[in-house]
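Here are a few friendly notes to read alongside the model. I have kept them as numbered points so that you can check each one against the coordinates.

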Amino acid sequence: MSGYLGGYATLGLLLLLGAGVFVAAFTANRLLGPRRSAEWADATSPKYETYECGLDPVGGDWAQAQIRYYVYAYLYALFAVESVFLFPWAVVFDTPGYGGATVVEMAIFVAVLFLGILYAWRKNILRWT
């Protein structure tokens with residue numbers, strides 16, 4: 001497909017194909033799936049128990065998770081995503097005429113990252129207990 005609208009025609013065909021796969025999957029599920037619903041079972045039925053390796057569940061279903069693990073994951077994701085911006089800077093830095101401006105911009109960027117790490121450190125977020 002070429003021409004001005006060729007890319008849009010390809011996108012439209014891809015969207016139609018995706019919608020067709022979606023409709024086919026749900027139709028196959030409706031035709032081939034079981035007919036009985038879960039309404040026949042009461043709340044104490046084994047159908048409502050958690051299945052794990054064929055063993056009966058032991059203990060309660062509530063577990064306490066420490067918030068610091070989420071903070072570490074969030075900080076890692078934040079600084080990993082921001083560090084991705086270092087690659088385009090390195091590519092532009094080599095271009096003639098952009099040397100001084102890119103160094104200043106990157107210094108500001110790294111300073112903001114450093115302030116974030118400093119803030120987390122001062123709040124004792126990075127301390128493992």
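1. Let us start with Val92, which sits in helix 3. Please keep in mind that this is a predicted model. Val92 has a relative accessibility of 33%, so it counts as partly exposed, given that the partly exposed class lies between 20% and 50%.

2. Which residues does Val92 touch, leaving aside those up to four places away in sequence? They are Tyr98 and Thr102. Val92 and Thr102 are ten residues apart along the chain, and 7.5 Å separates their C-alpha atoms.

3. Thr102 brings us to helix 4, where it is one of the buried residues, together with Met106, Leu113 and Ala120. The cover over these buried positions includes helix 2 and helix 3, the latter spanning 86-93.

4. The pairing of helix 2 with helix 4 deserves a look of its own. Helix 2 covers residues 67-83 and helix 4 covers residues 99-122; their axes are 11 Å apart and the packing angle is about 170°. The two helices are therefore roughly antiparallel to each other, since that label applies to angles over 145 degrees.

5. Who makes this contact? From helix 2 come Leu75, Phe79 and Glu82, while helix 4 supplies Phe109, Leu113, Gly116, Ile117 and Ala120. By character, the residues of the contact are six nonpolar, one polar and one charged. Leu113 and Ala120, both part of this contact, are also among the buried residues of helix 4.

6. A check on the geometry of helix 4 comes out well. With 24 residues at 1.5 Å a residue, helix 4 should span 34 Å, and its end C-alpha atoms are 34 Å apart, so the two values agree. Just after helix 4, you may like to inspect Asn124, which takes a positive phi of about 60°.

7. How many aromatic pairs does the structure hold? There is one. Phe22 and Phe26 form this pair, which is tilted, with 4.7 Å from centre to centre and 55° between the planes. The two residues are four apart in helix 1 (residues 6-32), so about one helical turn separates Phe22 and Phe26. Are these two rings on buried or exposed residues? Both Phe22 and Phe26 are exposed.

8. Finally, the chain as a whole. The secondary structure amounts to four helices and zero strands, and the order along the sequence reads α-α-α-α. Of the 129 residues in the protein chain, 7% are buried. Taking contacts between residues at least 6 apart in sequence, 39% join residues at least 24 apart. The contact of helix 2 with helix 4, described above, involves Phe79 and Phe109 among its residues.

Definitions and conventions:
Residues are numbered from 1 along each chain as its sequence is written. This is a predicted model: local features need pLDDT of at least 70, side-chain atom pairs count only at pLDDT 80 or more; totals for chains, interfaces and linings use all residues. Side-chain values use heavy atoms; hydrogens and water are left out. Axes are lines fitted to C-alpha atoms, for helices over the stretch in contact, and angles run from 0 to 180 degrees between N-to-C directions. Angles under 35 degrees count as roughly parallel, over 145 as roughly antiparallel, 65 to 115 as roughly perpendicular and the rest as oblique. Contact means heavy atoms within 4.5 Å. Ala, Val, Leu, Ile, Met, Phe, Trp, Tyr, Cys and Pro count as nonpolar, Asp, Glu, Lys and Arg as charged, and the others, Gly among them, as polar. Rings of Phe, Tyr and Trp (its six-membered ring) pair if their centres lie within 6.5 Å; planes under 30 degrees apart count as stacked, over 60 as edge-to-face and the rest as tilted. Buried means under 20% relative accessible area, exposed over 50%, partly exposed in between (1.4 Å probe, protein chains only). The expected span of a helix is 1.5 Å times one less than its number of residues.
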